[in-house]
Amino acid sequence: MFLAVLPFAMACSSSTTSSSSSSDAGGTTNAASVDLGKTIATKNACASCHGADYAGSASGIPGNPNVNAPNVTSDEQTGVGGWSDEQLAAAIRTGVDDEGKSLCSVMPKFGSLSDADVANLVAYLRSVPAVSKDIPATDCPAVK
Ligand code: HEC
């Protein structure tokens, strides 16, 4: 199930890391950060699972019709509005949720993104309009 996503993600992260001139997060304005984050989100196809509006998919994800992708907009109740930047970064990079529990392995681990890439990606997610949409949790497929 990773095969379609992983080479794509890896090819992309190498190109994003090499293109940054001022990559320390403090030196990037929010608007610039959001822009860069959008590019990273597009390259890594986050919306293919989480939906074009990032409010999740209640009807499964590509290749896994029985696994829903959660709402990752900043809605406090149904999205990740209550998560800290660190919690979002950990979910994206290492596949753990806001309580430190492992997410389903169908959520790729974007471990090769740089600190700046992840900060920009989080800035972008926070910039997406919050959508109140409750996505029912699904069972993880068994890990092979
Ligand atoms: C192959 C489909 C897929 C792709 C691509 C994907 N995700 Fe996910 N993501 C998921 C699934 C499924 C979960 C839920 C896992 C679980 O419930 O254990 C998830 C969980 C998350 C979470 C935790 C939210 C929560 O409430 O548990 C965040 C944040 C997240 N993804 C962000 C991203 C970002 C940012 C990208 C792009 C860099 C991305 N995802 C790409 C499928 C995907």
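A colleague and a modeller discuss a predicted model of a protein with a ligand.

Colleague: What makes the protein count as having zero strands?

Modeller: Strands are DSSP runs of E with at least two residues, and the secondary structure comes to five helices and zero strands, the elements running α-α-α-α-α from the N terminus on.

Colleague: Why are Cys 46, Cys 49 and Leu 103 counted among the residues that surround the ligand?

Modeller: A residue counts as near a molecule if its C-beta atom lies within 6 Å of it; 26 residues surround the ligand, and the closest are Cys 46, Cys 49, Leu 103, Cys 104 and Met 107. The elements giving two or more residues to this shell are α3 (46–50) and α4 (85–94), with α3 giving the most, four residues.

Colleague: How many residues of that shell are nonpolar, polar or charged?

Modeller: The shell around the ligand divides into 22 nonpolar, three polar and one charged, where Cys counts as nonpolar and Gly as polar.

Colleague: Why is Leu 121 said to be in contact with Gly 37 and Ile 92?

Modeller: Contact requires C-beta atoms within 7 Å, and, neighbours within four places in sequence left aside, Leu 121 is in contact with Gly 37, Ile 40, Ala 41 and Ile 92. In the largest nonpolar core, of 20 residues, Leu 121 is one of those touching the most other members, together with Val 118, Val 122 and Leu 125. Two or more residues of this core come from each of α2 (30–43), α4 and α5 (115–127), and α5 provides the largest share, eight residues. Another core, of six residues, lies apart from it and includes Cys 49 and Met 107.

Technical notes:
Residues are numbered from 1 along each chain as its sequence is written. This is a predicted model: local features need pLDDT of at least 70, side-chain atom pairs count only at pLDDT 80 or more; totals for chains, interfaces and linings use all residues. A nonpolar core is a set of buried Ala, Val, Leu, Ile, Met, Phe, Trp, Tyr and Cys residues joined through C-beta atoms within 7 Å. A residue is buried if 20 or more other C-beta atoms lie within 10 Å of its own, exposed if 12 or fewer, and partly exposed in between; C-beta atoms are placed from the backbone. Two residues are in contact if their C-beta atoms, placed from the backbone, lie within 7 Å.
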